[in-house]
Amino acid sequence: MRQNSPLRHQLIFRVNRAVKVVEARFGLTDLDFTARAVLNIIAEAEAECWPLHVSDVVRLQDFATPPTVHNHLAKLKKAGWIRYEQDPDDGRARLVLLTPFARSAFELMSDEVNRILKSLPRGGV
């Protein structure tokens with residue numbers, strides 16, 4: 001069994017602090033837990049190049065009712081975090097996408113985490 005090193009514990013705190021700084025800079029801390037969770041679902045889908053419909057967001061999360069998710073989607077859109085686009089394959093469906101502003105927040109978080117990982121000694125923690 002691998003022993004927990006101080007460096008291993010330090011890593012999670014460094015990553016957590018870096019993410020929190022970016023979240024505060026972009027105003028993510030102004031969003032409640034459910035809105036942030038919904039936004040993370042959308043960001044993950046976009047990062048993985050998965051087309052994501054409104055119905056997918058409702059289905060993928062397991063912490064809120066469908067009306068609550070729709071309410072949070074509306075708030076995220078109004079706040080400039082997400083946008084909708086008609087699905088080119090199904091004119092009745094809407095795709096949910098990050099706005100350039102939101103994408104830049106998640107890209108900066110990734111950059112900060114990558115910077116921390118690159119600073120680790122060879123061989124990892």
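Reader: Hi! Where is C49 in this chain?
Author: Hello! C49 sits in the loop between α2 and α3. Keep in mind that this is a predicted model.

Reader: Is C49 buried or exposed?
Author: C49 is exposed, because its relative accessible area is 69% and the cut-off for exposed is over 50%.

Reader: And what about its phi?
Author: The phi of C49 is near 60 degrees, so it is positive even though the residue is not glycine. For background, most residues other than glycine have a negative phi.

Reader: How many Å separate the C-alpha atoms of C49 and F106?
Author: They are separated by 15 Å, and the two residues are 57 apart along the chain.

Reader: Okay, let's zoom out. How many helices and strands does the chain have?
Author: There are five helices and two strands in the chain. Going along the sequence, you meet them in the pattern α-α-α-α-β-β-α.

Reader: What box do the C-alpha atoms fill?
Author: Along the principal axes, the box is roughly 50 × 30 × 25 Å.

Reader: What share of the residues in the chain is buried?
Author: Of the 125 residues, 37% are buried. As for contacts with a separation of 6 or more, 55% of them join residues 24 or more positions apart.

Reader: Now the helices. How do the axes of α2 and α4 cross?
Author: Helix α2 covers residues 33–47 and helix α4 covers residues 66–78; their axes come within 10 Å and cross at roughly 80 degrees. That angle falls in the 65 to 115 range, so α2 and α4 are roughly perpendicular to each other.

Reader: Which residues make the contact?
Author: From α2 there are T34, A35, V38, L39 and I42, and from α4 there are T68, V69, H72, L73 and L76. Sorted by class, the contact of α2 with α4 has seven nonpolar residues, three polar ones and no charged ones.

Reader: H72 is in that list, right where I was looking! Is H72 buried or exposed?
Author: H72, which lies in helix α4, is buried, since its relative accessible area is 6% and buried means under 20%.

Reader: Which residues is H72 in contact with?
Author: Setting aside neighbours within four places in sequence, H72 is in contact with D32, T34 and A35.

Reader: Changing topic: where does F63 lie?
Author: F63 lies in the loop between α3 and α4. With 33% relative accessibility, F63 counts as partly exposed.

Reader: And which residues does F63 contact?
Author: F63 is in contact with T34, A37, V38 and I41, again leaving aside neighbours within four places in sequence. By the way, the C-alpha atoms of F63 and L73 are 14 Å apart, with their positions 10 residues apart along the chain.

Reader: What about the strands: in which sense do β1 and β2 pair?
Author: Strand β1 (residues 82–87) pairs with strand β2 (residues 90–98) in the antiparallel sense, over six bridges. Together β1 and β2 form a hairpin, with two residues between them.

Reader: Which residues in β2 are opposite R83 and D87?
Author: R83 has L97 as its bridge partner in β2, while D87 stands opposite D90.

Reader: Last topic, the largest nonpolar core. Which residues touch the most other members?
Author: The core has 33 residues, and the ones touching the most other members are L39, I42, V57, L73, L76, W81 and I82. The elements that give two or more residues to this core are α1 (6–26), α2, α3 (54–60), α4, β2 and α5 (100–118).

Reader: Which element gives the most?
Author: That is α2, with seven residues.

Reader: And what does I82 touch?
Author: Not counting residues up to four places away in sequence, I82 touches L39, I42, L73, L76, K77, V96, L97, L98 and T99.

Conventions. Residues are numbered from 1 along each chain as its sequence is written. This is a predicted model: local features need pLDDT of at least 70, side-chain atom pairs count only at pLDDT 80 or more; totals for chains, interfaces and linings use all residues. Side-chain values use heavy atoms; hydrogens and water are left out. Axes are lines fitted to C-alpha atoms, for helices over the stretch in contact, and angles run from 0 to 180 degrees between N-to-C directions. Helices (H or I, at least four residues) and strands (E, at least two) are DSSP runs, numbered from the N terminus. Angles under 35 degrees count as roughly parallel, over 145 as roughly antiparallel, 65 to 115 as roughly perpendicular and the rest as oblique. Contact means heavy atoms within 4.5 Å. Ala, Val, Leu, Ile, Met, Phe, Trp, Tyr, Cys and Pro count as nonpolar, Asp, Glu, Lys and Arg as charged, and the others, Gly among them, as polar. Two strands pair if DSSP finds at least two bridges between them. A nonpolar core is a set of buried Ala, Val, Leu, Ile, Met, Phe, Trp, Tyr and Cys residues joined through side-chain atoms within 4.5 Å. Buried means under 20% relative accessible area, exposed over 50%, partly exposed in between (1.4 Å probe, protein chains only).
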